[in-house]
Structure formats: C-alpha cells, structure tokens
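Please open the structure in your viewer and keep the selection tool at hand. The tour below goes from stop to stop, saying what to select and what is found there.

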Amino acid sequence: MTHQVLVDRRRLLQLAAASASSLWLPRSAWSQQRFAGNPFGLGVASGSPTHDSIVLWTRLIAPGVLQSLGKEPVTVRWEIAHDEQFARIAQSGQAQALGELAHSVHVEAAGLEPDRWYFYRFMVGDAVSAIGRTRTFPAPDAPAQKLRLSYASCQRWDHGYFSAYRHMREENLDAVLFLGDYIYEYPNAAKAVRVPTGGWVITLADYRQRYALHRGEPEVQAMHAACPWLVTWDDHEVQNDYAGLVAGDTGPPVADFASRRAAAYQAFYEHMPLRASVLTKALAGVSSGAEYRLYSQQRFGRLANLVMIDDRQYRDGHVCNPDGKLGSSNISPAACPAWNDPARTLLGAAQEQWLDAAFASSGPGWTVLGQQTLFGPRAFRKEAGDVYWNDGWDGYTAARTRLTESLQRHKVANPVLLGGDVHENWVGHVKADYSRPDSATLGVEFCGTSITSRSRGNQYIAATVANNPHFVFADSEGKGYGVVEFTPTRLTTTLRVVDDVTSRNTKISTLRSFVVEAGRPKIETA
Ligand SMILES: [Fe+2]
C-alpha cells in the first residue's frame, strides 16, 4: 500500500474546509492554469441538499485520460444560476482543487431559495464544465405536494453497462438515494461483460482510479447532472463483507486494514457530493481509523423526512462464522448461541442513539430511511432447519429489534425503509415482531435490485417468500432501480427493470407497482 499518500485526518479536515471556502487561496493557485483539453472529464454532481444549500461537486483530471493532475492546487470558479443560459446568476465564487484531495471540488452553496431548481457549472482557465441541474428542498415547515425519489445500488462494472441511468433521467426525479456499492473492488468477473482497468482495488490510487472509471461513464455523469444525490456506502466501497475494522474476504490480504479503509473512505469523499462536515466528525474519531460521518437527515417540507444511515463503518464482526472465516456465511441460529446477543451492533451505539433521536423528532409526513440492505428476516428453508445470511440485518437481530422498538416508541409517522445490497427486489411489511405475522405492521420496506450486479435467479424466490410472509413480492432477475413518488395521502413505488444489462442501448419496463396509503401501512398492488 502507498500509505504515504494518505492524508492525516486532521489535515484532511483543514483541506476540506479550505477547499470549500473561497477565502483561502494560496498564491500558487492564483496562476490560472491552462489545459490542452477539458479537465472536467468526470462531469459534475450535486448532493446533500437542504432547503437553502447544496453541495456542488467536480474533480479535475488530466484532459483525455482518467488520470490525476499531479500535486499543484488549482483555482476553480463556479456559478449557480436560475436558468440554463446562466443569464440570472444566483451565486458565484472560487474553490480550491487540491492535489491532496485528488483535485476534487466540494462547493457548499448556501443562502439559496427553498424549493427551487438551479443550474451550475465550473470553470478553470478557458475550460467550462458540463452544466448540472439541481434543487433545494422545500423549507421544513412548508407544505409540499410531491416528492419523486429513485433508490439505486450495486453497480458492478464487469457485470454490465449503466444504461439504467439513461432511463432514470426521464423519471423526473427530485433526488436519487444511492444506497451502496457504487464501485466494486474486484479485478474481474467470470464471464465479464467488460473488464475494469487496474486489477484489485487496494490503495488510495486504486480507489481513485476505480471511481474515475465509473464517473467517466456518460450515463453516470448524466444522472449526476440531472438532480441531487444523497449517498451512503456499503461494503464494496472498501472490500466485500468487511465489518467495521474487521477486513472482508476478497483479494490479497493487507497488513493494515484500517489504513486501507481510510484510503477507501477518502476516495469516496473525493468523488461524492458530500459536505465537509462528513470529515469534521473525524476529529471525534473512533478508536482507530478516521470516522466519516455519513448519517444524516433532511426534511422535504412537511411531506417527508429523509434519513440516511451507515450500516458498515461501526458494525460488529459477523456472528458464528466457521473458525477463522472472514466475510459472511449462512447460519443456523439454533447452532449459534450469540445470534440474538443484545450487545451486538450494526449501527454502533452513537449512530443508534442519533437514529432514535431522529425518530423521536421525525415529524409529519413520511419517514424515509435510506439504508443498505434487506431489513426483514429472510429465512432460507433447508432440510435441517432455516438458515439466514449473517451479513444483513439477519445477522444483527437485536439491533433490528431496537430499531423497530424505536419506531414504535416514538410512533413514527409512515416509516418507509429503502435498501439495496441483495441485487434483488424485495417488497414487504415492517413488523413489530417478525415471528408473529399477526403482530402490528409498523411500516413498509422496498429493498431495491442492482444497477448491474448479478443475482442468482428466480428459482428460489417463491419458496423463500412463502417462508417469510412479511414479504409480499420478490424478484431476483430484473436489474434497474425503484422510483417512489410521495404525496400527502399515498406513496407509489414502481420497480423499473432493463431488458438487458449487457447492452448499452437496452429498453426499460415496469416490473411491478405498489401503493401505500398514508396512515395505513399496507402494501397494495397498483
Ligand atoms: Fe452489491
């Protein structure tokens, strides 16, 4: 590993604060750099919206290649306007693209008007970026009649093309919730549709290169430029099935997993429209390894509260793996005394407390929880008895129960759990006690399929849904995304799937649509 290029976390914070501010400009940065071509080859993005601010993102790279620019800082100008012609500029400024942060730019445009669409772009020398479109949310106490979100996850390069995003652009969305596995760390897949460059992804340079590969894709760029994204991560942004500071099970082992994780987290920050406050929390730190505080909540007027959580960074290791095995396993709880151990955590104590407080003050409308994976139990029937996958909520049963108890204690209005990770669509009810089908239904769950990543196929689905009656639908073949439209009286979820993930020009269709009325957590087929 090239540890020497990793930035110390305190320094990282200083850099992020400096790069977000237009005040701090080192002399060298004033010299306007000229490029032989366009350094905006990775496009633009926006995200982490509030009612009056938004993060605008870009990253400069060497023109024409997906390569870093070197070490020198570069001053980037930015504009945010009311119109696509930039005739009515709302704000403009300068930001630092620093070599230490891969020349990424995170502008936190503040003091914007609520509930407005804006256009933005970046300039350096005589180069101008693509134009992005973004929006602020309605003020927290403002009425809002409609919110259209997409939830998406799991975009493995070697499994296909990101064509789903071409169709997502037509969905007229207010925001995208990306729920993890933006990249994968693998060098290649069996029967790869295409092979990513770079081999195993382990060092900071590797992670940067893999993100650049994805951001070089026109479909990905176009969707980032279409509306703001709220992002969290899952395991493959670091390594398959890692847990907290316990390494996962794929690829060459590294001596210092905490350093690998820190490199991966830094590259994630560099490529996502995240606030510098994600790094501010790094000063509070965890026992070892810098903390990146991804969990957050944001109201969309009185219509919805969007809560995003992180189920990877703080979790305990997998329970009852066979001796010495890293990663995940299918486990029989009957043979695992620690299965329901109340001391085990998926979110970590601090985030769990924060989430409980978020639920306590969640407010009116819909409470949308963007998290990584399937929430409800999924028992696979085997002759010797049911087994469960110990990487998901099933491996952290006490943590799941604490979450459902928190929903009940605070009488959370209309909980809607969105997830990813399993590469399959799962639709179901959130139950007070999953072992008792007649127990109270607290909310609904839509766990989404992958953008490209493979799944095992539908042969096991019918029996597994029947074995887990809180689920009303599942499908293990369609690849794509979900769209949820919220109004004050109902939500409508549409599962959108592409015909052929191995084609750049695939069509899309609707697999299924579901409706849930506000105040009545019962999933109906639309
Ligand atoms: Fe995945």
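A residue is called buried here when its relative accessible area is under 20%. By that cut-off Asp234, at 1% relative accessibility, counts as buried, and this residue will return at a later stop. Keep in mind throughout that the model is a predicted one.

**Confidence**

Colour the chain by pLDDT before selecting anything else. The mean pLDDT of the protein is 92, and 92% of its residues reach 70 or more. Now select residues 26-31, where pLDDT stays under 50 and for which the model has 10 contacts beyond four places in sequence. Then select residues 283-288, a stretch where pLDDT likewise stays under 50, again with 10 contacts beyond four places in sequence. Where pLDDT is low, the predicted coordinates should not be read in detail.

**The iron ion**

Select the iron ion next, and show the side chains that coordinate it: Cys154 through SG, Asp181 through OD, Tyr184 through OH and His423 through NE2, at 2.1 to 2.6 Å. Along the chain, these donors follow the spacing C-x26-D-x2-Y-x238-H. Two of them, Cys154 and His423, link distant parts of the chain, being 269 residues apart. Cys154 sits in the loop between strand S9 (147-152) and helix H3 (164-168), whereas His423 sits in the loop between strand S17 (415-419) and strand S18 (425-431). Both Cys154 and His423 are buried.

Why is the arrangement around the iron ion irregular? The 4 donor atoms subtend angles of 84 to 169 degrees, and this spread makes the arrangement irregular.

While the loop between S17 and S18 is in view, select Asp421, which lies in that loop. Asp421 has a positive phi of about 80 degrees although it is not a glycine, and at 9% relative accessibility it counts as buried. For another residue of this kind, move to Ser48, in the loop between strand S1 (44-47) and strand S2 (54-59). The phi of Ser48 is near 50 degrees, a positive value in a residue other than glycine, and at 19% relative accessibility Ser48 counts as buried.

**Salt bridges**

The structure holds 28 salt bridges, and three of them are visited here, beginning with Glu79 and Arg121, whose closest N and O atoms are 2.9 Å apart. Glu79 belongs to strand S3 (residues 74-81) and Arg121 to strand S6 (residues 117-124), so that this pair, 42 residues apart, links distant parts of the chain. Glu79 is buried, with a relative accessible area of 17%.

Strand S6 also holds Tyr120, which counts as buried at 0% relative accessibility. If you select Ile89 as well, you will find its C-alpha atom separated from that of Tyr120 by 9.2 Å, with the two residues 31 residues apart along the chain.

Select Asp174 and Arg135 next, whose side chains meet in a salt bridge at 2.7 Å, N to O. Asp174 lies in the loop between H3 and strand S10 (175-178) and Arg135 in strand S8 (residues 132-135), so the pair ties together parts that are 39 residues apart in sequence. Both Asp174 and Arg135 are buried.

Asp234 now returns, forming a salt bridge with Arg312 in which the closest N and O atoms are 2.9 Å apart. Asp234 lies in the loop between strand S11 (229-231) and helix H6 (257-271), and Arg312 in the loop between strand S13 (304-308) and strand S14 (330-331), so the pair ties together parts that are 78 residues apart in sequence. Extend the selection to Asp311, Arg315 and Asp391, which salt bridges with shared partners join to Asp234 and Arg312 in one network.

**The nonpolar cores**

In soluble globular proteins, nonpolar side chains tend to be buried together. The largest nonpolar core of this model has 46 residues, and those with the most contacts inside it are Tyr165 and Met223. Among the elements that give two or more residues to this core are H3, S10, S11 and strand S21 (480-486), while H6 gives the most, with 7 residues.

Which residues is Met223 in contact with, leaving aside its neighbours within four places in sequence? They are Tyr165, Met168, Arg169, Leu173, Val176 and Trp229.

As a last selection, take Ala304, Trp366, Leu495 and Phe514, which are included in a second, separate core of 29 residues.

Definitions and conventions:
Residues are numbered from 1 along each chain as its sequence is written. Side-chain values use heavy atoms; hydrogens and water are left out. Donors are N, O and S atoms within 2.8 Å of the metal (3.2 Å for Na, K and Ca); water is not among the atoms, so sites may look incomplete. Four donors count as tetrahedral if all angles lie between 85 and 135 degrees; four count as square planar and six as octahedral if opposite donors are over 155 degrees apart and all others between 65 and 115; anything else is irregular. Helices (H or I, at least four residues) and strands (E, at least two) are DSSP runs, numbered from the N terminus. Buried means under 20% relative accessible area, exposed over 50%, partly exposed in between (1.4 Å probe, protein chains only). A salt bridge is a side-chain nitrogen of Lys or Arg within 4 Å of a carboxyl oxygen of Asp or Glu. pLDDT is the predictor's confidence in each residue, from 0 to 100. Contact means heavy atoms within 4.5 Å. A nonpolar core is a set of buried Ala, Val, Leu, Ile, Met, Phe, Trp, Tyr and Cys residues joined through side-chain atoms within 4.5 Å.
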